[in-house]
Amino acid sequence: MAGELSRAGPSPGGFKARLDRGGEKERQWIRPDTPSKCTWKLGKPLSASPHHHAETSPLPPLWWKCWKAGCARAVPVCSVPCCCCSLSALCAFAVAGIGLALAAAVKGYRCIIVMPEKMSMEKVDVLRALGAEIVRTPTTARFDSPESHVGVAWRLKNEIPNAHILDQYRNASNPLTHYDTTAEEILQQCDGKVDMVVATAGTGGTITGISRKLKEKCPGCKIIGVDPEGSILAEPEELNKTDKTMYEVEGIGYDFVPTVLDRSTVDQWYKSNDEESFALARMMIREEGLLCGGSSGSAMSVAVKAAKELKEGQRCVVICPDSIRNYMSKFLSDKWMIQKGFMKEEDLGNKPWWWNISIQELSLSAPLTVLPTVTCAKTVEILREKGFDQVPVVDESGVILGMVTLGNMLSSLLAGKVKPSDEVRKVIYKQFQQINLKDNLGKLSHILEIDHFALVVHEQIQYHTDGSSSKRQMVFGIVTAIDLLNFVTARERERKSN
């Protein structure tokens, strides 16, 4: 998530970088992974530390409330046993975008939040309620692409007069906040005795600030970093090798190493996965009464493994960075968990007679597809002529590139984001649901409760000249709620007539 405020001075510095596509024009931005210039080093005397500074004056009452609500100081709320040690969860429910929107609302600033499509609608609704403007970007866009949330935020900053990007990836105040507050609270509430801290890494501000302070005050404290599979923040690099390119947990992990992340103070990294993260988050809600988010589950799923090395009487503190507020329609929902493959249908109660019938039984029409080079105007014409609302975009070999919908294209055309003569590849989106021919109608029904359609695919094995083989997915058809309803009602009539 990248935030921007107007009515502030321009950000100093910056450099010009060529656009990834064609390089026909230049853009001004500062890379979020530039090497840090911070001079902090473990073992330096406090007098030489850049983090040693005078106490700041207290915030006014209204600002204090906003700070507490937006940055959410860590407060220990639960202690559960883990093997022989004491495992304590500290809930630091912080969302940078919401904290920024709160401050902007108080000060009367225009606030624009740029966030990937993956982020939950609950976050969007809260931000809009606070008066923020929302811009969504493709989840799959690389961080250095002009289409990424970072690239779009910098473009807006350059286009809007007196705009300013707080840039949590480079802003020294990000880790300093946790160095001065979160880490101090951990020390105070644990009486200065902490043997292990487990924290996830997103921008890196939390784990960097906490680890630097604890390394100074508790040299024997072991810092455990948590990085989701599909992210590249963990060390050594071998830990990051995976076929996964996307994960469902929000707010942690990146495809670049942020400037503010100091990995030298992390003693050991663990990789987390979605299934364990959501399972632990749901367990913490149910059994401990902690209304935590998925990234809190990531931290706890690693903590129960890492803390096994601790002895009786030692203390492990787990930083829970997000609350359930933003995920009511996601992992809190059994249907969403089943749809994403994190729960089995058998975990639910009684099912209707058609539940286990395979998708193959549906009479789906032959698929309509378009190439990415077809124009938007022509695609709209085809969809209207054929009576379809959406169509898959495939390359010459039939490999699926994404989807386009009539509504999305028309809104993009009317908003001036694309021209009728532009190729349809410019309005492709990839946040759609796929289902296999062998999947059952029960799984399809869960998808259609949330989405308007599902893309039915089947896998082909392709052999290459060197003897190797690879799997690729091909379009079989598109299924909607009407298709499912027609099938069920027709079979119902047959069952009654027999």
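This report looks at the aromatic rings of the structure and how they sit against one another.

The model is predicted, and it holds eleven aromatic pairs. A good place to begin is the pair formed by Tyr169 and Phe256, which is edge-to-face. Tyr169 lies in the loop between β8 (164-165) and α5 (173-189), while Phe256 lies in the loop between β10 (222-228) and β11 (268-272), so this pair ties together parts that are 87 residues apart in sequence.

Phe256 also pairs with Tyr254, and that pair is tilted because the planes of the two rings are at 45°. Here are the two pairs with their values:

| Pair | Centre to centre | Between the planes | Kind |
|---|---|---|---|
| Tyr169 and Phe256 | 5.3 Å | 75° | edge-to-face |
| Tyr254 and Phe256 | 5.1 Å | 45° | tilted |

Are these residues buried or exposed? Tyr169 has a relative accessibility of 2%, so it counts as buried. Phe256 is buried too, with a relative accessibility of 2%. For Tyr254 the relative accessible area is 15%; the cut-off for buried is under 20%, so Tyr254 is buried as well.

Rings can also gather in groups. Which residues form one aromatic cluster? They are Phe278, Tyr327, Phe331, Trp336 and Phe342.

Finally, a ring can have a charge for company. Lys213 lies over the face of Tyr179, and its distance from the ring centre is 4.1 Å.

Note on methods
Residues numbered from 1 in each chain as written. Predicted model: local features only at pLDDT ≥ 70, side-chain atom pairs only at ≥ 80, totals over all residues. Heavy atoms only, no water. Phe/Tyr/Trp six-rings, centres within 6.5 Å; stacked < 30°, edge-to-face > 60°. Helix = DSSP H or I, 4+ residues; strand = E, 2+ residues; numbered from the N terminus. Buried < 20%, exposed > 50% of the residue type's maximum accessible area, 1.4 Å probe, protein only. Lys NZ or Arg CZ within 6 Å of the ring centre and 35° of its normal.
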